[in-house]
Amino acid sequence: KEISSPSLSSTTSLSCESLWAVRPEEKNTFDGIFESLAPANGLLSGEKVRPVLINSKLPLDVLGKVFMAFLITFG
C-alpha cells in the first residue's frame with residue numbers, strides 16, 4: 001500500500017532549523033500520516049517510512065540526511 005505525503009515547498013531560503021520544523025498548521029496532517037503507518041511503540045520501520053519520504057518530493061540531499069539520521073540513531 002502506497003501512502004502519499006504532502007509535498008514540501010522549496011526550502012532554499014529557509015534556515016536549517018526551519019527546514020526541520022513542522023508548522024503548527026501542518027502537525028495534524030503529519031500526525032495522521034504517522035498514525036496511518038501503524039507505529040509500534042512510537043516507531044516506524046524504514047520499510048514503512050521509505051515510500052512516504054520518497055513521495056514527499058524532498059530534495060535528494062535532504063532525504064539523505066533523514067536516512068543518515070536514522071542510521072546514526074538506530075544503526
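What follows is a set of questions and replies on how the descriptions of this predicted model are justified.

Me: How do you know that the chain is described as helical, and in what order do its elements run?
Reply: The chain has four helices and zero strands, and from the N terminus on the elements run α-α-α-α.

Me: What makes some parts of the model more confident than others?
Reply: The mean pLDDT of the chain is 79, and 73% of its residues reach 70 or more. Confidence is lowest in helix 1, residues 16-20, with a mean of 61, and highest in helix 2, with a mean of 92. Where pLDDT is low, the predicted coordinates should not be read in detail.

Me: Why are V52, L53 and N55 said to lie on the same side of helix 3?
Reply: In helix 3, which comprises residues 46-55, V52, L53 and N55 are buried. They cover an arc of only 165° around the axis, and therefore they sit on the same side of helix 3. The face turned away from that buried side carries E47 and R50, which are exposed.

Me: Which helices do the buried residues of helix 3 pack against?
Reply: The buried residues of helix 3 pack against helix 2, residues 24-36, and helix 4, residues 60-74.

Me: How do you know that the length of helix 4 agrees with what its residue count predicts?
Reply: Helix 4 has 15 residues, and at 1.5 Å a residue these should span 21 Å. The expected span takes 1.5 Å times one less than the number of residues, and because the end C-alpha atoms of helix 4 are 21 Å apart, the two values agree. Helix 4 is followed by G75, whose phi is positive, near 55°.

Me: What makes the phi of A38 worth pointing out?
Reply: Phi of A38 is near 55°, a positive value in a residue other than glycine. Most residues other than glycine have a negative phi. A38 is found in the loop between helix 2 and helix 3.

Me: Why is A38 called partly exposed?
Reply: The relative accessible area of A38 is 47%, and the partly exposed class lies between the buried limit of under 20% and the exposed limit of over 50%, so A38 counts as partly exposed.

Me: Why is K57 called exposed, and where does K57 lie?
Reply: K57 has a relative accessibility of 56%, and exposed requires over 50%, so K57 counts as exposed. The place of K57 is in the loop between helix 3 and helix 4, and its phi is positive, about 70°, although K57 is not a glycine.

Me: Why is the pairing of D31 with K27 called a salt bridge?
Reply: The side chains of D31 and K27 meet at 2.7 Å, N to O, and because the cut-off for a salt bridge is within 4 Å, the pair qualifies. D31 and K27 both lie in helix 2, four residues apart, about one turn of the helix. D31 is partly exposed at 33% relative accessibility, and K27 is partly exposed with a relative accessible area of 45%.

Me: What makes R23, E25 and E26 one network?
Reply: Salt bridges that share partners join R23, E25 and E26 into one network. E25 forms a salt bridge with R23, the closest N and O atoms being 3.1 Å apart, and the side chains of E26 and R23 meet in another at 2.8 Å, N to O. A search of the whole structure finds three salt bridges.

Me: Why are E25 and E26 placed in the classes exposed and buried?
Reply: E25 has a relative accessible area of 60%, and exposed begins over 50%, so E25 is exposed. E26 has a relative accessible area of 17%, and buried means under 20%, so E26 is buried. Their partner R23 counts as partly exposed at 45% relative accessibility.

Me: How many of the residues count as buried, and what share of the contacts joins residues 24 or more positions apart?
Reply: Of the 75 residues of the chain, 17% count as buried. Among contacts with a separation of 6 or more, residues 24 or more positions apart account for 57%. The accessible surface of the chain comes to about 5800 Å², of which 60% belongs to carbon and sulfur atoms.

Notes. Residues numbered from 1 in each chain as written. Predicted model: local features only at pLDDT ≥ 70, side-chain atom pairs only at ≥ 80, totals over all residues. Heavy atoms only, no water. Buried < 20%, exposed > 50% of the residue type's maximum accessible area, 1.4 Å probe, protein only. Helix = DSSP H or I, 4+ residues; strand = E, 2+ residues; numbered from the N terminus. Arc of directions from axis to C-beta. Contact = heavy atoms within 4.5 Å. Areas by Shrake-Rupley, 256 points an atom, 1.4 Å probe, with all protein chains shown as cover. pLDDT = per-residue confidence, 0-100.
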